[in-house]
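User: I would like to learn how to read a protein model step by step, beginning with strands and ending with the chain as a whole. Could you take me through the features in turn?

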Amino acid sequence: MIQVAVCGPAECSAAEAVAAREVGALLACSGAVVLCGGYGGVMAAAAQGAAGAGGLVIGILSGADRSGASPHLTAAIATGMGQARNSVLVGSADAVIAVGGSWGTLAEVAMAVRQGVEPVVGLGSWQIADARGGAVPGLVVADSPAAAVALALEGRG
């Protein structure tokens, strides 16, 4: 099965939550396993969307136990690794979709690109430029949840 990580801020806007729910639902309807950080905000919204569509949702938790995890997860992996769990999350994914942006989201995007995950898709997320203002390869931008999912699943199964 294709595994897609959905990353984003734990405290998100209403629009980001709507987009993340739709991303989760679309991924589930496409047969993809949804991976996320397992807590609130974008993570919870993606989990809710995927679970509502009958999908498999795995949370890779930063804590040493499952307390505070989204109730919409199919399974939760308590790593006890703090933010280092971000590397496990993106390293377990065939593709990454970042919805919205926070420092943690930026770290996940950077880790995914550095680990060679392709594609890494941004939806209302970070747009990264080099020191001269040029686009940095590795992050593709989508303008809708459907476009983000299409880019993430392009050429896969």
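**Reading the sheet, the helices and the core**

Analyst: Strands β1 and β5 pair in the parallel sense, over four bridges. Please keep in mind throughout that this is a predicted model. Within this pairing, A5 has V96 in β5 as its bridge partner.

User: In what order do the strands lie in the sheet?

Analyst: The order across a sheet is read from the pairings rather than from the sequence. Here seven strands form an open sheet with parallel pairing, in the order β4-β3-β2-β1-β5-β6-β7. Its edges are β4 (75-78) and β7 (139-142), each of which pairs on one side only. From one strand to the next the twist averages 25°.

User: How many helices and strands does the chain have, and in what order do the elements run from the N terminus?

Analyst: The secondary structure of the protein chain comes to five helices and seven strands, and from the N terminus the elements run β-α-β-α-β-β-α-β-α-β-β-α.

User: How should I read a helix that packs against other elements, and which residues of α2 are buried?

Analyst: The general idea is that an α-helix has 3.6 residues a turn, so residues three or four places apart point the same way. In helix α2 (residues 42-52), the buried residues are V42, M43, A45, A46, A47, G49 and A50. These buried residues of α2 pack against the strands β1 (3-7), β2 (33-36), β3 (57-61) and β5 (95-99), and against the helices α1 (14-29) and α3 (85-91). Just after α2 comes G54, which takes a positive phi of about 80°.

User: Is A20 buried or exposed, and which residues is it in contact with beyond its sequence neighbours?

Analyst: A20 belongs to helix α1, and it counts as buried because its relative accessibility is 0%, where the cut-off for buried is under 20%. Leaving aside neighbours within four places in sequence, A20 is in contact with V42, A45, A46 and V99. Of these, V42, A45 and A46 are among the buried residues of α2. Sequence separation and distance in space are worth reading side by side: A20 and V6 are 14 residues apart in sequence, while their C-alpha atoms are 7.8 Å apart.

User: How many disulfides are there, and why does C36 not form a bond with C7?

Analyst: The test is whether two cysteine sulfur atoms lie within 2.5 Å of each other, and by this rule the count comes to zero disulfides. C7 is in no disulfide, the nearest cysteine sulfur being that of C36, 8.8 Å away. Seen from C36, the closest cysteine sulfur is the one in C7, and at 8.8 Å this is too far for a bond. Both cysteines count as buried, C7 because its relative accessibility is 2% and C36 because its relative accessibility is 0%.

User: Finally, how do I read the chain as a whole, and what is its radius of gyration?

Analyst: One approach is to set the radius of gyration beside the value expected for a compact globule. With 157 residues such a globule would have a radius near 15 Å, and the protein chain has 14 Å, which agrees. Along the principal axes, the C-alpha atoms fill a box of roughly 45 × 30 × 30 Å. Buried residues make up 42% of the 157 residues. Among contacts between residues at least 6 apart in sequence, 59% join residues at least 24 apart. The accessible surface comes to about 7100 Å², of which 56% belongs to carbon and sulfur atoms.

Methods: Residues numbered from 1 in each chain as written. Predicted model: local features only at pLDDT ≥ 70, side-chain atom pairs only at ≥ 80, totals over all residues. Heavy atoms only, no water. Buried < 20%, exposed > 50% of the residue type's maximum accessible area, 1.4 Å probe, protein only. Helix = DSSP H or I, 4+ residues; strand = E, 2+ residues; numbered from the N terminus. Contact = heavy atoms within 4.5 Å. Pairing = 2+ DSSP bridges. Axes fitted to C-alpha atoms, helices over the stretch in contact; angles between N-to-C directions. Rg over C-alpha atoms; globule rule 2.2 N^0.38 Å. Areas by Shrake-Rupley, 256 points an atom, 1.4 Å probe, with all protein chains shown as cover.
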